[in-house]
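Student: Could you take me through one helix and its surroundings in this model, step by step? I would like to see how burial, packing and charge pairing come together there.

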Amino acid sequence: MNNKRTKFIVFLFLFTLIVTAISPLRTASAAENSIDVNASSAIIIEESTGTILYGKNIDEKLPVASMAKVMTEYLVLEAVKEGRIKWEQTYTPSEYVYKISQNKEYSNVPLRQDGSYTVKELYEAMAIYSANGAAIGLAEIISGTETNFIKLMNEKAKELGLTNYEFVNATGLENGDLMGMHPEGTSPDAENKLSARDMALLSQKLIQDFPEVIETASIAKKTFKEGTEMLNWNWMLPDSTIKGYEYEGVDGLKTGSTNKAGSCFTATATKNGMRVVAVVMNAKGENLHSARFLEMEKMLNYGFNNFAVKEIFPAKYQVEKQSSLPVVKGKEKSVSIQTKDPLTLVIRNGDEKAYKAKFNINKDKLTKNGELTAPLKKGETVGTMTVSYTGNGEALSFIQEGKQPQVDVVTEVAVEKANWFVLSMRAVGSFFSGLWGTITDTVKGWF
């Protein structure tokens, strides 16, 4: 009896040691896969695919402060690309721009009313230092007036696929701070508003359509022509002049803060071959300026530690039971089909094998009997391949519905059209085959 009791006590002791040893590991693992962002709204996406890695209240339209300048940047870069304005063309400030630029309560480079400034100088002042007078000046260069420019902002938002937005000025300031000179048709107390989803989508489009934006957004310090030292408000840049918040891989994009918007930040960063775009709106903390960077650090760590961009299916991949299609009027009666390119996805760590592929054949390519018609070229597109998630967790969603990654499905070889003799013989064969089948069925019926 005592021997059994001793063994039980030893077992209990060892069991307790094992549980104690593995508990911290379980706790750490759970912590690595969770995140608590102290903000009104937040989102992380992978830039190339728009895959959402994390989201909190992503569809509520909220004030975005100077992050609205991302749209102004987009329209400036588009106007330059299309040749409507040039980097070296000059501009003399209007009275409105001059007055706003002199207000030291805002982020500004003071502009002289009789001064001459290039588009490039104003753009850098806006993108690096968030200069508000410069932003309005750019709006006037492109559209004549800020009133006309905000119409362009809202039209472009719709074109880019944004759904929850309201642009009322070019700067992101509250209209009440524009000294009674806010754009016509907008309310004196209005402010630019977007959802976190739309803010991330706009930033993704900016980076993809105009990757050169990163060259300017990543500048930590520059002197404006009048002698103003411009320090980038993005303190997470690796060479930021404000120390303590640097983050390796951060190279943009835009901060923002007003009384209504609170502490906001849209960041973009690269690591291990993956670029993310992350947005935090109304970040909470003891310090208005640093709160957005502290919460963003959590978000970037979460994104880079838990997700990766990987090639899940290679080029020339074939789906079992969908590897060929019947062909009519061809020298061959079927043709193999395969993917044209590899399919790359954003996946959670460990989910590499949690995806199932499917070929979706274009119905316009098929006859009513489900056949392709010869002649067919090698590499001719016949459909697409999409994937579905088969893992234990939730499938990752995308910033724009219907935009999940897919690749073309193409023919592996060419199929030439058969000559008239072969087609005639096939037709005769089909006729007698059908006739013989009818006779056989009839004879069977007699017996």
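Tutor: Happy to. Let us begin with a cut-off: a residue counts as buried when its relative accessible area is under 20%, as exposed when that area is over 50%, and as partly exposed in between. Please keep in mind that this is a predicted model.

The helix to look at is α6, which runs over residues 146–160. Its 15 residues reach 21 Å from the first C-alpha to the last, close to the 21 Å expected at 1.5 Å a residue.

Just before α6, a good place to start is S143, which sits in helix α5, residues 132–143. The relative accessibility of S143 is 19%, so this serine counts as buried. Beyond its neighbours within four places in sequence, S143 is in contact with N148, F149 and L152.

Now for the helix itself. The buried residues of α6 are E146, T147, F149, I150, M153, K156, A157 and L160. An α-helix has 3.6 residues a turn, so residues three or four places apart point the same way. With that in mind, look again at F149, I150, M153, K156, A157 and L160, which are among the buried positions. The partners of the buried residues of α6 are spread over several elements: they pack against α2 (69–81), α3 (95–101), α5, β6 (165–166) and α7 (196–209). After the helix comes G161, with a positive phi near 100 degrees.

One buried residue of α6 deserves a closer look, and that is K156. Its relative accessible area is 6%, so K156 falls under the cut-off for buried. K156 forms a salt bridge with E78, and their closest N and O atoms are 2.6 Å apart. Because K156 belongs to helix α6 and E78 to helix α2, the pair ties together parts that are 78 residues apart in sequence. E78 is buried too, since its relative accessible area is 12%.

E78 has another partner, R84, in a salt bridge whose closest N and O atoms are 3.9 Å apart. R84 has a relative accessibility of 43%, so this arginine counts as partly exposed. The two salt bridges of E78 belong to a wider set: E78, E82, R84, K156 and E159 are linked in a network of salt bridges. Side chains of opposite charge can pair when their charged atoms come close.

For context, the whole structure holds 18 salt bridges. Another one of them joins the side chains of K310 and E352, at 2.7 Å from N to O. This pair also links distant parts of the chain, 42 residues apart: K310 is in strand β13 (residues 307–313), while E352 is in the loop between β16 (343–348) and β17 (355–361). K310 is partly exposed because its relative accessible area is 32%, and E352 is partly exposed because its value is 31%.

To come back to α6, the picture is of a helix with buried residues that pack against α2, α3, α5, β6 and α7, and with K156 salt-bridged to E78.

Key. Residues are numbered from 1 along each chain as its sequence is written. This is a predicted model: local features need pLDDT of at least 70, side-chain atom pairs count only at pLDDT 80 or more; totals for chains, interfaces and linings use all residues. Side-chain values use heavy atoms; hydrogens and water are left out. Helices (H or I, at least four residues) and strands (E, at least two) are DSSP runs, numbered from the N terminus. Buried means under 20% relative accessible area, exposed over 50%, partly exposed in between (1.4 Å probe, protein chains only). Contact means heavy atoms within 4.5 Å. The expected span of a helix is 1.5 Å times one less than its number of residues. A salt bridge is a side-chain nitrogen of Lys or Arg within 4 Å of a carboxyl oxygen of Asp or Glu.
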